Amino acid sequence: MIQAIVGANWGDEGKGKLTDVLAQQSDIVIRFQGGANAGHTIINEHGKFALHLLPSGIFQPGVTNIIGPGVALDIEALLSELDSIMQRGVPKPRLLISDRAQVLMDFHVLLDTAEEERLADRKFGSTKSGIAPFYSDKAAKVGIQVCQLFDKQLLKERLRNSFVKKNILMEHLYHKPKLDAEATAEKYYALGQRIAPWVCDTTQYLHQALQEDKRILLEGQLGALRDLDHGIFPYTTSSSPLAGFGTVGAGVPAGKISRVIAVTKAYSSSVGTGYLISALSGQEAEELRKRGGDAGEYGAKTGRPRDVGWFDAVATRYGCRVQGATDCAMTNIDVLGYLDEIKVCVAYSIDGHEVRDFPATPQLAKAVPVYVTLPGWKDQKVRGITRYDDLPENCRKYLEFIERQIETPITIVSNGPRREEIIFRE
Ligand code: GDP
C-alpha cells in the first residue's frame, strides 16, 4: 500500500510532522523530488530538527528511507545532515539512494546565485540551493546520475562537455571564475565513494517491497502551488511536488498510490516571491507570524519571514484537486485561538467578476479576496485534545466550513507542533 503526504498550498504546511507521525506505521519513506532547498520541521523525543534532504522517516528505527531518482541530491548537504542528527543521539538511520538520482553539484549553486544576482529585482525568490540549474541540466541531459560517479573518466568527460557552455556564461555574463571539470570530477568521485554503501536500484527494491505488501510513504516537498506546471509560474520550483509525480520521482506504479493526504494549514503562509491573495499586513500579519508554527513563521531553510494570511479556500481547493487528494490533514489549528473572528477567502474578485477556480498567474495578479467571516474560539483549549468531538464548537465549525469549501474531507487535525499533538477523525 502506498500513501503520499504532499502540500496543498505553497509549502511549509507541516508535512514533515505528518510524515514523522505516519512513519510510525510505515516500512519505507521516500523523498521523490526537490533537494535541500526547503525544510521540514520535526519535534519528537529526540528534539527539534529541520530536515532538508533526509526523508522524515529517519527517526523510526525500523523504517527504510529512500532518496528517489527524482531528487536533486546534494551529497555534502546530505552527509552533514546525517552527521548532525546522529551527533544529537538519533540512531543511524537506514538509508538507500537511487543509483539514478542525479547529483546537485557546487556549480549549480554558483549558477543559481549568479543568476539571482543578475535578475536583481526581477528575481524568482530562489533559495540559491542550485535547484533550477540542476533540473535544467537534467532536462538538457547533461546532469550526472549517482551511478556515473563511480567511473572517474566518464565523470570527467561529461563535466568537460557540460562546462563548455557554462563557462561562457561564467566568464562573459556573470564575470566569475571559470568552472574546472577536473577538480569537480575529483571532488564528486570522492563523494561518490562515501555514499556508495547506500546506493542501489531503489526502483527494484520498491517493486519487491510492494510484492511483500510493505507500507510505503511518499513524502512531498513544497506544495501544489509551487508545481512547475500547475503552480504560480514562474514563482514555482523546478520540479513537481504533486503526488502524481511520486510515481516518476520515487519509481512506483501509478495505480498503487491508494491514499493522497494533502496537508494544509489553518491559515495561509508563503515564503519567497509570488502571490498570496489573502495576505495580511501590518500589525495583524505580525501577530499571526509571531504565533504561527512552533516558533513563528520564518523559513526553515532561509530564516526569511513568511507572508501570512487568512485561509485561502480557492487556492487550497485547487491544490487538493491537482494533488488528487483523497483527504486532507489540517495543521496549526491551535494557532488561531487568539482571534475573535476568523476570515476565510472563498472566492477572488477579478475585474469585477467573482472567480472560484484558481486562475493562471496573470489573472492572479489582479485578484482581490472575497471573505466570509466566522466566529473564533478565543481562549478555549485546543492543544492537548485528542478527540475531534472535544474541540471547541466554533473550531469544529471552522474546520467543517473549510472542508465543504475545499471539497475534500479533513481526516487529520494537528493541534500543536509535537508528534503526539494529532487528532485522527473517525
Ligand atoms: P513542511 O515543510 O511542510 O514540513 O513544514 P515546515 O516544517 O516548514 O513548517 C511547519 C511549521 O509548523 C513548523 O514550524 C512545525 O513545527 C509547525 N507545526 C506543524 N504542525 C503544527 C501544529 O499543529 N501546530 C503548531 N503550532 N505548529 C505546527
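**The ligand and its surroundings**

Student: Which residues come nearest to the ligand here?

Tutor: In this predicted model, the ligand has 20 residues around it, and of these K15, G16, T41, D294 and S414 come nearest.

Student: What kinds of residues make up that shell, in terms of nonpolar, polar and charged?

Tutor: The shell around the ligand divides into eleven polar residues, seven charged ones and two nonpolar ones.

Student: And which elements give two or more residues to it?

Tutor: Those elements are the helix α1, spanning 15-22, and the strand β3, spanning 40-44; α1 gives the most, with three residues.

Student: OK, polar contacts next. How far is the backbone of T41 from the ligand?

Tutor: A backbone N or O atom of T41 lies 2.6 Å from an oxygen atom of the ligand, and a polar backbone atom of G39 is 2.9 Å from a ligand oxygen.

Student: What about R306, which part of that residue is involved?

Tutor: With R306 the side chain is involved, since one of its N or O atoms is 3.2 Å from an oxygen atom of the ligand.

Student: How much of the ligand's accessible area does the protein cover?

Tutor: On its own the ligand has 590 Å² of accessible area, and the protein covers 98% of that.

Student: Changing topic: which pocket does the ligand sit in?

Tutor: The ligand sits in the second largest pocket.

Student: And why do we say that it lies between domain 1 and domain 3?

Tutor: Because domain 1 (2-101 + 197-260) and domain 3 (264-424) both give residues to the shell around the ligand, the ligand lies between these two domains.

How values were computed:
Residues numbered from 1 in each chain as written. Predicted model: local features only at pLDDT ≥ 70, side-chain atom pairs only at ≥ 80, totals over all residues. Heavy atoms only, no water. Near = heavy atom within 4 Å. Polar contact = N/O pair within 3.5 Å; in protein donor to acceptor, adjacent residues only side chain to side chain. Areas by Shrake-Rupley, 256 points an atom, 1.4 Å probe, with all protein chains shown as cover. 1 Å grid on protein atoms, 1.4 Å probe; cavity = no way out; pocket = protein on both sides within 12 Å on 5 of 7 lines; lining within 4 Å. Sits in = over half its atoms within 2 Å of the grid points. Helix = DSSP H or I, 4+ residues; strand = E, 2+ residues; numbered from the N terminus. Nonpolar A, V, L, I, M, F, W, Y, C, P; charged D, E, K, R; others polar. Domains from an automatic or database assignment.
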